[in-house]
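Hi,

Here is the structure I promised to pass on. Have a look, and my notes follow underneath.

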Amino acid sequence: MMVNCCGLLTANKEPVPLKSVGVELEVRDHVATVVSTLNYENKEDKPLEAVFVFPLPGDAAVCHFSATIGQTQIVAEVKEKQEAREEYDDALSSGQQAFLLEESEQSPDIFSLSVGSLPPGESASIRLEYVTELAVQADDGLRFCLPAVLNPRYQPQGSGGSEGASVQVTSVPASLVPYSLSFSARVSSPRPVSKVESNCSLDPLQYLNPEQTQATVKLAAGHKFDRDVELLIYYKDAHQPTAVVEAGQASAKPGTLMGDPVVMLSLYPEFPQAVMSSVASCGEFVFLLDRSGSMDCPMDRSKRRETRIGSARDTLLLLLKSLPMGCYFNIYSFGSSFQHIFPKSVEYSQKTMEEALKTVEEMGADLGGTEILNPLKHIYSQPCIPNQPRQLFVFTDGEVGNTKEVISLVKKNSGSHRCFSFGIGEGASSALINGLAKEGGGHAQFITGTDRMQPKVMQSLRFALQPAVVDISVTWDLPKGVSVTVLSPPITALFQGQRSLIYAQLTGESSKAAEGCVTVKYSLAGHPSQNQLHFSLKPAEDTGLTVHRLAARTLIRSLEMEERERRGEQDKGVKKKVVEVSVQSGVSSVFTAFIAVNKGDGEAVQGPLVRRNVPTPRLMMMACSMQRMLCFDPDSLNALSTSRAAAEPACKSKLKSGGSTAGLFSNLRKKLGALKNPHQMPPEPQDLLSSCNEDCTEPKQTPRDPLLQLVSLQKASGCWVLDPALAAALGKTRKKVEKRKPSSVNQEVWATILALIWLHGFKVDAQDEWQLLAMKAVSWLRAQNASCVTECVEAGNVLLGCNVKKDVLGL
């Protein structure tokens, strides 16, 4: 198969019309503007309709869409979705060129672009622009992600997802993606840019001024669009609260969203250190783990590294060892069905911890699809435990088709819990992961490439163990004659060092020198606190309409959620308001679409249209998640079934014991039966089998990480036991360990001090991962009132060849 053809689409393997993608990123402080240019060329002898399905960040505000054909540029308008579709169809039937861009009704991070009536030999250039906020990471970096991978989204049975972007996806091996990518970024901020990192090779960072507040960077030559492009941007003194006031659009009517100034507030609350250093000793911790087929894929593209499910198992080990005595916990896992270790949450003890760990060790990626809704409903049906705040941790590669339904359920139950979410691997839905955390009052993390899952998850556990911030209120003090309309939903969660954003519309007149003030009040550990931010009402220069569009996107998302909750009440008012804000601001919504029609005087395009679905790259998942591949024509499975004997050796490690390859293909045919798409051609069986061989090779088994080996031996109370397993984890014999023990010291005290010395002496770089369980060990030691601690530390240092001071251990 030639690289510039795509045999997965057509029997004759015609060239795909998308030839290149160019992306220009401009980052101003924590806001990104992204301009993508998609270049199409019709090399066929018939007019073409190309359909390109692609992901965008879930919280992006798409605000511009235009097409250039020859010397003619057509700028799209935002219209009500059905009206836009009808206009598109009318244009095609009359031989006009037309372009339609619409958001999936199931997930706000999937868009489909239809390029209609592209004549033979003609080229078209599509320009797409969106703005988005950049999320703050655990290490204070701002994360931008350009999604390159759209994993097949699992459509739960009976969800009735409409035909659209969520199912019209054709995935091909990354090496066969027939279009190129160019990517460049410009970063500017009031504070110096300290560094920019990426999961892809970058050319060196180029500073544009001596203050180093402006810089440019681009992808190194030879990049293949075979993974998400992730940038991490670091500023000096990043945690500074800011306010940006942006002037309204001159052509818009005063009193409207686009006609009035809009302010964007970035708040970074700082809490007292005494409160932050304390750790709660209560809570109900519910862990929800994805065990769908794709969780068996490697964490990164190397076949030697651990799988997603393996990394999740190791993370659950750390979590369980770090929980405080006196709390409650349970572990759920899900795929097409769901399971739970205990009928209801149980008190944390040595017995329940051991029982849970035994079950976790046996968990595989063997539960089929990704139906997350039912386990969530079951969790929420369980009564909350008095004085044990519920904390939900969700681990998933985020490939669900009913994203909005899931997020609505979390929001409905937001008063009873906090939700911390983790997107694992390439292609995890940002709309799902961010939506779960936002509506659940928690925190979202993404784990991609060579990232270790454990430090990010443990940071979220530290957040969960902090006292909850309650009674949050925001008050405004503005000059006379100026009123405020807050466009953001109320703040439901505040975390130390994490940014909270507020958008508000300012109506009325004020002097240019006028100032405003916003006060955030809250209660923390029973103590009332507040943070204030004073800001100038003078509009900033050179912001365009970025803040207005982000504010419009925030308002649209809130209204869409409200409309979803009211569905069935025959209330058309909310939908009407969404369409009104979307059309007025030029920002996309689920109820609107961008439509562009070339109404020039050129000749009508002659001949019947040939439809082509442009593929998106696919990473290591064709056989890993075969039961969930919604993108193939079901008829192709007949051909695949005849080749199952050839497939069995390559894929048998993916089948449950007692199952059969025949059953797998039979299942797959049943699941796809209702999704037949006449425009999609089946993959060649040999192509699928070669992908299976290439991508689903079982990663080589590696010895258990020494840190995890030591952690696995810790008791629920926080102590370690002096036995041969501990000696081996410390790299010593039991005889040597016992010989060095001071005679008057309890064996468990000696073992626990040795474990702490080893952690501080050899694993200080991974302190984020073991800090909480070490704190638990120190608390246990203090409770023993052990004598000779100083002597133990000195003897332990000699035995292990370390030089760790007693006060460093917290003793």
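Let me start with a glycine: Gly435 sits in helix H7, which covers residues 430-439. Keep in mind that this is a predicted model. Gly435 is buried, with a relative accessible area of 12%. If you skip its neighbours within four places in sequence, Gly435 is in contact with Ile407, Ser430 and Gly440. I also have a C-alpha distance for you: Gly435 and Lys411 are 24 residues apart along the chain, and their C-alpha atoms are separated by 9.1 Å.

Another helix residue I looked at is Glu405, found in helix H6 (residues 403-412). Is Glu405 buried or exposed? Neither, quite: its relative accessibility is 31%, so Glu405 counts as partly exposed. Not counting residues up to four places away in sequence, Glu405 touches Leu373 and Arg564. The C-alpha atoms of Glu405 and Glu565 are separated by 9.5 Å, with the two positions 160 residues apart along the chain.

Now the overall picture. The secondary structure comes to 20 helices and 34 strands. The protein has 811 residues, and 58% of them count as buried. Taking the contacts with a separation of 6 or more, 76% are between residues 24 or more positions apart.

On to the nonpolar cores. The largest one has 81 residues, and the residues with the most contacts inside it are Phe285, Phe287 and Phe395. Helix H18 (residues 747-762) gives the largest share of this core, 10 residues. A second, separate core has 54 residues, including Leu25, Tyr40, Ala67 and Ile69. Back to Phe287 for its partners: leaving out residues up to four places away in sequence, Phe287 touches Leu316, Leu319, Leu320, Leu323, Asn330, Ile331, Tyr332, Phe393 and Phe395.

Next, the cysteines. How many disulfides does the structure hold? Zero. Cys792 shows how that works out for one residue: the closest cysteine sulfur, in Cys788, is 6.7 Å from the sulfur of Cys792, which is too far for a bond, because a disulfide needs the two sulfur atoms within 2.5 Å. Cys792 is also buried, with a relative accessible area of 0%. Cys297 counts as buried too, at 1% relative accessibility.

You will probably want the cavities. A search of the whole structure finds two of 30 Å³ or more. The second largest cavity has a volume of about 90 Å³. Which residues lie nearest the centre of the second largest cavity? They are Asp29, Leu142, Arg191, Ala238 and Tyr268, out of 13 lining residues. By class, that lining has five nonpolar, five polar and three charged residues.

One buried strand residue is worth a line. Ser500 lies in strand E29 (residues 500-507). Its relative accessibility is 9%, under the 20% cut-off, so Ser500 counts as buried. Apart from residues up to four places away in sequence, Ser500 touches Leu265, Ser266, Leu267, Ile491, Ala493 and Leu494.

Two backbone angles are on my list as well. Asn387 has a phi near 60°, a positive value in a residue other than glycine. Asn387 belongs to the loop between helix H5 (373-381) and strand E24 (390-396), and at 71% relative accessibility Asn387 counts as exposed. Asp471 is not a glycine either, yet has a positive phi of about 55°. The place of Asp471 is in strand E27 (residues 469-477), and Asp471 is exposed, with a relative accessible area of 63%.

Last one: Lys43. This lysine lies in the loop between strand E2 (31-41) and strand E3 (48-55). Lys43 counts as exposed, at 53% relative accessibility; the cut-off for that word is over 50%. The C-alpha atoms of Lys43 and Ser123 are separated by 9.0 Å, and the two residues are 80 residues apart along the chain.

That's what I have for now.

Cheers

Conventions:
Residues are numbered from 1 along each chain as its sequence is written. This is a predicted model: local features need pLDDT of at least 70, side-chain atom pairs count only at pLDDT 80 or more; totals for chains, interfaces and linings use all residues. Side-chain values use heavy atoms; hydrogens and water are left out. A nonpolar core is a set of buried Ala, Val, Leu, Ile, Met, Phe, Trp, Tyr and Cys residues joined through side-chain atoms within 4.5 Å. Buried means under 20% relative accessible area, exposed over 50%, partly exposed in between (1.4 Å probe, protein chains only). Helices (H or I, at least four residues) and strands (E, at least two) are DSSP runs, numbered from the N terminus. Contact means heavy atoms within 4.5 Å. On a 1 Å grid over the protein atoms alone, a cavity is a set of points where a 1.4 Å probe fits but cannot get out, and a pocket is an open set with protein on both sides within 12 Å along at least five of seven lines; lining residues have an atom within 4 Å of a point. Grid points are joined across faces, edges and corners, and a volume is the space filled by probe spheres set on the points. Ala, Val, Leu, Ile, Met, Phe, Trp, Tyr, Cys and Pro count as nonpolar, Asp, Glu, Lys and Arg as charged, and the others, Gly among them, as polar.
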